[in-house]
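Student: I should like to learn how to read the packing of helices and strands in a model of a protein chain. May we work through one example together?

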Amino acid sequence: MKTKEQLHKITLTRGLKPLPKISVRKWADTYRQLSSGISAEPGRWKTSRTPYAAEPMEAVTQHGIHRIVLKWCAQAAKSEIMNNIIGRFAHVDPCVIMMIQPTIEMANDFSKMRITNMIKDTKVLTPLFFDLKDSAKTRDSNQTILSKVFPGGRLIFCGANSPAGLASRPVRILLCDEVDRFPRSASTEGDPIDIASKRMSTFWNNLMVMCSTPTIEGESRIDIEYITGTQEEWRHRCPNCGEYHTLHYKQMISDYQEVKDESGHKVIVVKSVLWRCPDCGRSFDELTIKNAPQKYVALNPEAAQNGIRSFYVNGFSSPWLTWSGIMREWLEAQGRPEREQVVINTRFGLSYQLAGAFADEIQFLSRCEEYGAELPDGVLLLTAAVDVQDNRLEYEICGWSESEECYGIIRGVITGQPDNSYVWRKLDEALDRKYHLQNGTPLKVVRTFIDSGGHFTSEVYKYCRDGIYKQRIAIKGQGGAGVPLVSKVTLLKEGIPLQLLGVNEGKQQVFSRLGIKKVGAQYFHFPKDDEYLGLRGYDQIYFKQLIAEHKVTHKSGGQIYSMWEPVSKHARNESLDLRVYNLAVFKSCKPHIDWRLLKESLTGEKTPEVEKTASAPKAALKSKKYAHSKSVDIWS
Ligand SMILES: [Zn+2]
């Protein structure tokens with residue numbers, strides 16, 4: 001461990017021989033070592049390996065530039081660039097540097113994994129920091145995981161979720177990593193980046209670097225920051241026409257085969273991928289394009305006058321990703337919005353455009369199918385949802401497969417004021433009856449969520465208390481962003497559970513699934529009226545209500561978030577609510593189900609006896625506890 005005197009000596013020596021203030025790029029090429037076990041390619045840093053990293057690293061010390069934005073795919077060396085900036089300033093231009101990670105845990109990990117190793121392996125940095133091993137033993141206050149002192153400066157790590165560290169001393173260099181994963185607000189203090197950036201105002205030569213893979217269009221912070229900057233796209237020159245192009249997935253032509261693996265899952269085998277030049281139409285392979293001349297092209301160069309340069313790089317230019325690997329991921333994700341989003345964000349470096357805001361309901365009406373039975377094949381579980389209005393109950397029963405393929409079964413309206421016991425008796429008739437698969441196997445609704453938020457809360461509670469053994473559960477919707485669909489369970493005075501639901505999240509999921517066009521996992525099936533159940537209720541009014549909301553982006557305190565809101569003031573949306581509740585019922589049951597057992601009992605060669613199979617779903621439920629609640633035991 002170094003003493004204060006030794007530190008002073010180092011400072012003094014450096015003071016006598018000032019180091020040239022070289023650029024981050026030059027510094028990294030001269031001094032930086034990549035650690036084994038952390039880097040894909042340990043050893044000396046070579047900017048030539050990731051040529052798109054050169055310009056952003058030069059921009060760090062460019063006169064008049066105060067903000068650098070990297071909207072990059074994953075695995076393009078973003079973190080290493082952050083490290084190079086830290087190393088360069090600690091070494092040749094010491095000052096206070098702060099790095100913010102999305103959470104304090106991630107800040108801890110980044111410091112322990114990446115920074116400690118860089119200090120250890122980059123020889124010019126090692127003597128500047130205390131011996132890290134010794135300091136751990138002696139708990140030296142100058143050297144902790146989240147704060148490291150070096151001569152003339154300090155390196156501080158913070159979590160965007162933890163306001164405590166964000167607003168203390170002045171900072172000259174602020175590095176914000178994965179900003180799209182930052183919480184909207186650091187506790188009640190406000191936007192974490194706003195808080196931290198206030199600390200930079202005292203320095204004329206301050207610099208903020210923000211980087212992230214983007215998330216959802218309209219709410220992606222890195223997208224918005226990127227647009228305010230120079231918008232420099234990394235482009236490759238077409239060997240035929242000489243034009244420079246950003247490599248876009250829509251220009252990739254994949255030759256591939258679709259096969260099934262041992263467990264029956266779809267696997268894509270990509271044989272080759274070619275990029276087709278949108279200018280001349282000629283196609284080229286990966287090696288040719290990766291070896292072609294490359295450069296940034298700025299779409300908004302004027303922003304440099306405001307001190308903001310922004311850079312975009314996607315996975316097709318990364319030396320660590322292959323085109324065939326990226327296209328395989330993309331092709332395998334098709335039809336599954338969650339996976340498509342991951343590929344679009346992390347490989348294409350683009351924000352994901354959510355489905356939703358459907359133009360009209362006709363497309364869904366024309367999608368209605370003949371089920372050929374009360375329940376179509378594929379249904380393994382029935383859920384139900386009830387919406388309580390002042391003059392009626394509305395309900396929907398849905399069938400589900402293991403892969404969350406959802407089948408609307410029936411959607412009904414029971415007219416009458418909910419303080420009249422008649423309407424609840426009629427509801428029991430719909431919920432207690434058996435619905436039959438084509439092979440005659442009957443199924444019953446395993447659980448029902450009933451909205452308690454209207455004017456008849458006590459009637460709903462009473463109905464749920466009386467029907468608790470039939471899994472009739474009162475629910476209450478919670479607004480706001482970020483509340484999970486199946487949120488907490490609280491116990492009411494009457495000793496019955498009240499399930500809280502994150503309705504915004506639920507609507508998001510329903511709209512995503514409505515956007516799925518390919519039959520399979522998470523697809524929504526809708527039935528035609530038939531001789532089995534008569535009017536099933538999936539008419540034009542149903543679909544009009546189902547798509548009666550759209551996503552509205554709000555801005556508050558520099559933060560952007562989106563909420564689902566009615567398209568018009570008087571638009572009814574009961575169909576949408578019912579589908580959200582049904583999805584929540586399914587999600588609350590799913591972890592407790594033994595699908596294999598359930599499938600066997602419903603589709604086994606011998607049709608089991610009626611009474612036995614009627615309770616099959618219950619038998620296949622693994623847990624006797626109500627999901628998410630330790631105190632409520634209502635599986636019986
Ligand atoms: Zn061309």
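**Reading helix crossings, a sheet and burial**

Tutor: Let us begin with a pair of helices: helix 10 and helix 11 cross in a left-handed manner. Please keep in mind that the model is predicted.

Student: At what angle do the axes of helix 10 and helix 11 cross?

Tutor: The axes of helix 10 (residues 323-333) and helix 11 (residues 337-346) cross at roughly 155° and come within 8 Å. Angles over 145 degrees count as roughly antiparallel, and helix 10 is therefore roughly antiparallel to helix 11.

Student: Which residues make the contact between helix 10 and helix 11?

Tutor: Helix 10 contributes Glu 329, Trp 330 and Ala 333, while helix 11 contributes Arg 339, Glu 340 and Val 343. Sorted by class, this contact of helix 10 with helix 11 has three nonpolar and three charged residues, and no polar ones.

Student: How does one read the crossing of helix 4 and helix 5?

Tutor: The procedure begins with the axes. Those of helix 4 (residues 78-92) and helix 5 (residues 104-121) come within 11 Å, with a crossing of roughly 50°. That angle makes helix 4 oblique to helix 5. The crossing of helix 4 past helix 5 is right-handed.

Student: Which residues of helix 4 and helix 5 meet?

Tutor: From helix 4 come Ser 79, Asn 83, Ile 86 and Gly 87, and they meet Arg 114, Ile 115 and Met 118 of helix 5. The contact of helix 4 with helix 5 holds three nonpolar, three polar and one charged residues.

Student: Let us turn to the sheet. In what order do its eight strands lie?

Tutor: A sheet is read strand by strand, from one edge to the other. Here the eight strands follow the order 23-24-22-21-16-17-18-25, in an open sheet with mixed pairing. Strand 23 (486-491) and strand 25 (524-525) are the edge strands; each has a single partner strand, so one side of each lacks a neighbour in the sheet.

Student: How many bridges join strand 21 to strand 22?

Tutor: Strand 21 (residues 445-451) and strand 22 (residues 472-478) are joined by four bridges and run parallel. As for one residue among these, Ile 450 has Ala 474 in strand 22 as its bridge partner.

Student: Which helix packs on the sheet, touching strand 22, strand 24 and strand 25?

Tutor: That is helix 15 (residues 503-514), whose direction makes about 60° with that of strand 24 (497-502). Helix 14 (residues 457-466) lies across strand 16 (381-388), strand 21 and strand 22, and runs at about 140° to strand 22.

Student: Finally, how does one read a single residue? Is Ser 35 buried or exposed?

Tutor: One counts the C-beta neighbours. Ser 35 has 18 of them inside 10 Å and therefore counts as partly exposed, since a buried residue needs 20 or more. Ser 35 sits in the loop between strand 1 (33-34) and strand 2 (43-44). Leaving aside residues up to four places away in sequence, Ser 35 touches Pro 42, Asn 117, Met 118 and Asp 121. Its C-alpha atom is 9.6 Å from that of Ile 119, 84 residues apart along the chain.

Student: What of Pro 192, with its 28 C-beta neighbours inside 10 Å?

Tutor: Pro 192 counts as buried because of that number of neighbours. Pro 192 belongs to helix 7 (residues 192-198). For the whole chain, 41% of the 636 residues count as buried.

Key:
Residues are numbered from 1 along each chain as its sequence is written. This is a predicted model: local features need pLDDT of at least 70, side-chain atom pairs count only at pLDDT 80 or more; totals for chains, interfaces and linings use all residues. Two strands pair if DSSP finds at least two bridges between them. Helices (H or I, at least four residues) and strands (E, at least two) are DSSP runs, numbered from the N terminus. Two residues are in contact if their C-beta atoms, placed from the backbone, lie within 7 Å. Axes are lines fitted to C-alpha atoms, for helices over the stretch in contact, and angles run from 0 to 180 degrees between N-to-C directions. Angles under 35 degrees count as roughly parallel, over 145 as roughly antiparallel, 65 to 115 as roughly perpendicular and the rest as oblique. A crossing is left-handed if the near helix is turned anticlockwise from the far one by less than a right angle, and right-handed if clockwise. Ala, Val, Leu, Ile, Met, Phe, Trp, Tyr, Cys and Pro count as nonpolar, Asp, Glu, Lys and Arg as charged, and the others, Gly among them, as polar. A residue is buried if 20 or more other C-beta atoms lie within 10 Å of its own, exposed if 12 or fewer, and partly exposed in between; C-beta atoms are placed from the backbone.
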